[in-house]
Amino acid sequence: MTKLPADHEARVRIANDHATSLLVEAAAGTGKTTALVTRLVSMLKSGACELRGVVAMTFTDKAAGEMTLRLRAALEEARAASSDETERARAERALEQLETARVGTIHGFCADLLRERPVEAGVDPSFSVLADDEADALVQRAIGDELGAALATPGEGIRRLLRRTSRDQETARERLRDAVRTLIEHRDHATPWRRDPFDRDAAIDTILTDVTELAALAPKATTPSDWCAKSLLLFQRVMADVEVRERTLPRDHDGLEAALADIARKKEWGWKGAGKFFAPGLLRADVLAKRDALKAKLDAFLVAADADLAACLWRDLRPIVLRYEVLKERAGALDFLDLLLGVRRLLVEHAEVRRELQTRFTHVFVDELQDSDPVQVDVVLLLASDDPSIADPTKVRPVPGKLFLVGDPKQSIYRFRRADIASYRLLREQLERASVPVLHLSTSFRSLPGIQRVINAAFEPAMSSAPAGVQAEHVALTEWRAAEEKRPSVIALGIPRPYDKTEKITKGAIEASTPDAVAAFVAWLVRESGWTVIDPVTNEPTRVAPRHVCLLFRRQVGWNDSDVVRPYLRGLEARRVPHVWVGGRSFHEREEIIGLRAIASAIEYPDDALAVYAALRGPFLALTDAELLLYRDRVGPLHPMSKVALDSVETALRPVAEALHLLRELHLGRNRHPIADTFARFFDATRAHAALALAHGGEQVLASASRILDLARRFDARGALSFRGFVELLEDQAERGEGAGGGDSPSGEEGQEGVRVMTVHKAKGLEFPVVVLCDPTASTGSYADRWIDPSKGEAFFKLAGVTPIELRERDAAVVAANEAEIVRVAYVAATRARDLLVIPACGDAPFEEGWLAVMNRAIYPPQSEWRQGDGRAPGCPTFGDESVVSRSFDAESAGTQSVKPGLHRSVGVVWWDPRTLPLDEEPADGLRSDDVLRATSGVDDGMRAHRAWLDARATAIEDGAIPTILASTVHQLARTPRDESEPPHVERMMCAVSTRPTGRRIEALFRGALALLQPGDGDDVIAAMVRARARVIGADADEERAVSEALRALVRHPWIASARPAARAVPIVAPDERGVVVEGTIDLVREDAGALMVVRIVMSEGEPSEAQRAEATILADALRGTTKRTVRAALLVV
């Protein structure tokens, strides 16, 4: 009898119920994409639809490519297997249409629609789509354009932020940059942030009064070394600083606000001391009560001050957001958000377009629905609507059978991308009201039954007990695969040393101990275990190899900007286990990557002495200080562009000369060859591949270097213009802690041998034979970070570290949503495992503060059974009696009970004895460590020289900021004082517009249309040209009509209509009599009685302004200087 999955009826309905729209909630491993492809092929075979009328969308390029491949394979199988000629012909026709079918990402689909309808959408017909790094470069440019002026005359928000320090050591500029990025990501939610009345200065004065009172108590302490007395010294220092400053200057409330923010974070608030009396007649309790009251008042002040500052920052940074929009428009480019917003606007505002698209696309399929944001959902609903007249997506009822949506709300983990579970629930409720059935797929073909049982035990109570509206409904996984009897399927890996010096289990001790245990276990697993897993490529049992293992992290960066991944990588490298880190700052911390960045900088900037020195001393050229100093003394400067004949250099110093010569050759050819080729030429010349392969962990080192080459090739493929752009990209990635990967999955990793190391978000949609959940102390999201309400256009989030009042008011709701999402992140992580799931755990007590705490109820047996573990677990080494390696106390005498290593049958989990693992191995090299650039001698002299170099560099930068060539536009020059020149001849025209709008927009419309105007253009041509331009810039009907009338009159003027030789729209760049380079465009140049006449065409109801007259004169002067002919200026006023 054929085995059927538990959800067989739902799968049959998905395949065969073509007349009903469906929402399918498919749990992890149940085959979401397979269900979608099965339904689509069934509909194609039956004739229910044609592939050219289908839209099938997902949310990543990788997933879209996989969907296309699966669809092709299924269609080919259907064609081969069908005995029905009609079905076979339909499958054949679908295969023919597949290459042009709308199967891809939703962003790609939206880009195609905008290119079809650029006029209605109001976009440049030849727009380009900005890749992430290109969009980021435009953001950087917008920041550069606007932030300089903002810093010169800062608004209140920027002024106050500049005074504040950051706890993660970010500079104020970095915080402002990140804040601008966040605002740009949410620019479609433009509701201004509320600024409540708040007398900041008075509040500061009040707090300072209380601080003065507490500071006065410090000298009265009976024991000056008392901890409470020491804490009061903090207030003494603050008031001393205030007193000194205010002897000569007025009170600096901005500085005091920043100082109070710093004080609030000090550890001294917790110092209490001992004894009943603080001083004679003064109870310690009274002093502590005063201090606690001050802390409460200070915290309340900072809440209000932060909210006030956030509102000011939102206002101050909006011009940079608007500048970004301007830069995109000038570049004729759209980013990913523009694509979505443009199509939604197209569908909402243009009924005829909406009707045409609804007719053309007969069926809409969406995969990974839980990852869609509200804008994407609106587009899908409007395409599927049964009533073309409905423009409101929330009122749409889909056509029966037209819509098929599949996703898993339990895997909704992209709140930071606006794909919120709340939006998903609203969509589901809307579809249920429209009689769209919700089906569930629960049979998971991915994981072993033991893994599924642990997942069900962990997440059913966690998801069911969440507050209403913030969590997905839990649907238990049902088994399909046969159980594994020869080895464990779930392991609780004992954390060796969870105790700190105070004999307490702490986050710090767990963070310090877990990486080594994980690395040691992985090394044992791939070298000694002999265990087999199902290989994802061959689908056959094979011995565990590094490529089968994945370490998953919830985060990359920990408290105080620390890299939480790096210790795990060090542990793997100490044991020579190859690995591939998918993104993250640890990649840029590797010694070979630091060396390659130094080489790239030296190639691009040969004048940068420090970059050249770093390249010469780095791991690739590996020259010593002695060699470099001797070369400088006997041959010349360490400058790649210094021409030195190699045969003239003594043998001992020739390696230095050869290295400089190589850098020189690469510099000269850097923009003539592909970037990857420049690196390849360097590797060939230095034989670096061989040296890297022979290094400790050579395979991993080579893999890291290869990823730089892969990144260079992708950068070239996107149309890179210069080697410098790639150098800046590397530096920016290193600064921001981004890996050299990119895209949906790591580049080239499918063919690389190595343990995969990535975040859960990177692993979304992937699966691995072995998964190890890492960093168990990562937080559970108990903080408010963002609130977004698309229906109201509201988006509130922390900005440069300060919280707006609207977010503060929604604190409880946001925290609940965050904590619920962390549970889903853990669910996604655990369900990536096919054959083995490893969870670090503390044997002496469950750690309840981290993201893996949700797993505790599933991996810990009842406490009465903690000591009942079977130490002879199948396939495992012989275990001892303790799952903790070391304590500073005797567990039995202290009453501490530890989970005994071995198989605990009540939970189906093997608790691993960390004593069986080789712990505490240190890497020889590979990752950057403190001794990479260890000083050899003359450290003090070197530091002084370096400081002198920094001073000289700063001076050079200041000098370089003074321009040697002054350039200005005609518009700018016309509005600055200048010498008297011959006034232009003014020619006036009248047109049939009684009243005319004014302002910059109509001027922009006139000048844009004027540039396209040709002699002989008829009224219809002019009207169409103006209408198209008006849609682009958003001009209204009155402005459009006025410009059309002006151009109709203008085209009939003799200067335009005359057959006399003339030139239109002539660009000019030429120096004027003062040496200033003038840049502008001459509207018309014509011969006039042996001279040239420069004509400036303007719209004006009255007399032309002095600036308009000056523009004509400036253009005439510039042309006179260039042609050496007689040139007269004229104004044609319409």
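**Figure 1. Glu 368, a buried residue in a loop of the predicted model.** Glu 368 counts as buried because its relative accessibility is 15%, and the model shown here and in the other views is a predicted one. The cut-off for buried is under 20% relative accessible area, so a value of 15% places Glu 368 in that class. The loop that holds Glu 368 runs between strand S8 (363-366) and helix H16 (374-384). Although Glu 368 is not a glycine, its phi is positive, at about 55 degrees.

**Figure 2. Asp 775 in the loop between strands S17 and S18.** Strand S17 covers 768-773 and strand S18 covers 786-789, with Asp 775 in the loop between them. Phi is positive at this residue too: the value for Asp 775, which is not a glycine, is near 50 degrees. Asp 775 has a relative accessible area of 4% and is therefore buried.

**Figure 3. Asp 913, a buried residue without a salt bridge.** Asp 913 sits in the loop between strand S22 (909-912) and helix H34 (939-960). The nearest side chain of opposite charge belongs to Arg 915, 4.6 Å away. A salt bridge requires a side-chain nitrogen of Lys or Arg within 4 Å of a carboxyl oxygen of Asp or Glu, so at 4.6 Å the pair of Asp 913 and Arg 915 does not count as one. The backbone of Arg 915 is nonetheless reached: its nitrogen lies 2.9 Å from the side chain of Asp 913. Leaving out residues up to four places away in sequence, Asp 913 touches Phe 879, Gly 880, Glu 882 and Pro 901.

**Figure 4. Thr 30 in an annotated binding site.** An unreviewed UniProt entry gives the feature "binding site" at Ala 26, Ala 27, Ala 28, Gly 29, Thr 30, Gly 31, Lys 32 and Thr 33. Of these positions, Thr 30 lies in the loop between strand S1 (22-26) and helix H2 (32-46), and Gly 31 is also found in the loop between S1 and H2. Thr 30 is buried because its relative accessibility is 0%. A polar atom of the Thr 30 side chain is 2.5 Å from the backbone oxygen of Ala 27, and Ala 27 is itself one of the positions listed in the UniProt feature. Apart from neighbours within four places in sequence, the residues in contact with Thr 30 are Arg 11, Leu 441, Ser 442, Thr 443, Ser 444 and Phe 445.

Terms used. Residues are numbered from 1 along each chain as its sequence is written. This is a predicted model: local features need pLDDT of at least 70, side-chain atom pairs count only at pLDDT 80 or more; totals for chains, interfaces and linings use all residues. Side-chain values use heavy atoms; hydrogens and water are left out. UniProt positions are given in the numbering used here, feature names are shortened, and annotations may be inferred rather than shown by experiment. Helices (H or I, at least four residues) and strands (E, at least two) are DSSP runs, numbered from the N terminus. Buried means under 20% relative accessible area, exposed over 50%, partly exposed in between (1.4 Å probe, protein chains only). Contact means heavy atoms within 4.5 Å. A polar contact is a pair of N or O atoms within 3.5 Å; within protein, one must be able to donate a hydrogen and the other to accept it, and residues adjacent in sequence count only if both atoms are side-chain atoms. Lys and Arg count as positive and Asp and Glu as negative; His and the chain ends are not counted.
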